[in-house]
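Me: I am new to this structure and should like a close look at one part of it. Please describe that part carefully, and then place it within the chain as a whole.

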Amino acid sequence: MSHPAPYPVRLADEITRQLGQLADHLSQLPPPQAAQVIARVLDPDTGVLGGITHLVATGSDFAKDQAERGTIPAEVWLALGRASNELHDITLDLDEHKDTLQHVGTQPATTAAKPPAPAPLVVRRHR
């Protein structure tokens, strides 16, 4: 007989499922609502991205302790630490755009006679 997963494992599974649902909903929302959702997700203090960043940082602390005890390889701790730092940097970069997204999300829906000109996009390549 299998044992049920402990609560934290079930919680992680449920959060993952709900994130998938949120992404599915996001792809179907009208632009103002999608902008509101994205702004909330990106909030570094109360948003999903900030929460995930905090979770990875906590995982890094755990991995450091375990690496010092010799129960996991140091590379695991280093990888989690690097991920935590990169997520933190990404969170800060995206926080600059949260207000713009919130503003878009509060604009009344209007029918423009002429659609706005598309903005040129810059492609970044990661090393």
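Reply: In this predicted model, A63 has its place in helix α3, which covers residues 48-69. Is A63 buried or exposed? The relative accessible area of A63 is 1%, and the cut-off for a buried residue is under 20%, so A63 counts as buried.

The surroundings of A63 can be described through its contacts. Leaving aside residues up to four places away in sequence, A63 touches I72, V76, W77 and L80. One of these partners, W77, stands 14 residues from A63 along the chain, and the C-alpha atoms of the two are separated by 4.7 Å. Helix α4 spans residues 74-95, and V76, W77 and L80, which are among the residues that A63 touches, have numbers within that span.

A second view of helix α3 comes from S84, a residue of helix α4. With residues up to four places away in sequence again left out, S84 touches T53, V56 and A57. These three partners carry numbers that fall within residues 48-69, the range of helix α3. S84 has a relative accessibility of 10% and therefore counts as buried.

Helix α3 also has a part at the surface. V48 is found in this helix and, at 30% relative accessibility, counts as partly exposed. The reason is that partly exposed residues lie between the limits of 20% and 50%. V48 belongs to a nonpolar patch on the surface, together with Y7, L11, I15, L19, L22 and I52. The accessible area of these residues together is about 540 Å². The elements that give two or more residues to the patch are α1, residues 7-26, and α3. Helix α1 gives the most, with 5 residues.

The wider setting is as follows. The chain has 5 helices and 0 strands, and its pattern along the sequence reads α-α-α-α-α. Of its 127 residues, 15% are buried; A63 and S84 are both buried residues. The chain exposes about 10500 Å², of which carbon and sulfur atoms supply 60%. Among contacts between residues at least 6 apart in sequence, 56% join residues that are at least 24 apart.

In summary, helix α3 holds A63, which is buried and touches W77 among others, and also V48, which is partly exposed and forms part of the nonpolar patch on the surface.

Conventions:
Residues are numbered from 1 along each chain as its sequence is written. This is a predicted model: local features need pLDDT of at least 70, side-chain atom pairs count only at pLDDT 80 or more; totals for chains, interfaces and linings use all residues. Side-chain values use heavy atoms; hydrogens and water are left out. Helices (H or I, at least four residues) and strands (E, at least two) are DSSP runs, numbered from the N terminus. Buried means under 20% relative accessible area, exposed over 50%, partly exposed in between (1.4 Å probe, protein chains only). Contact means heavy atoms within 4.5 Å. Accessible areas come from the Shrake-Rupley method with a 1.4 Å probe; for residues, only the protein chains shown count as cover. Patches are made of residues with over 30% relative accessible area and no salt bridge: like charges are joined within 9 Å, nonpolar side chains (Val, Leu, Ile, Met, Phe, Trp, Tyr) within 5 Å. A salt bridge is a side-chain nitrogen of Lys or Arg within 4 Å of a carboxyl oxygen of Asp or Glu.
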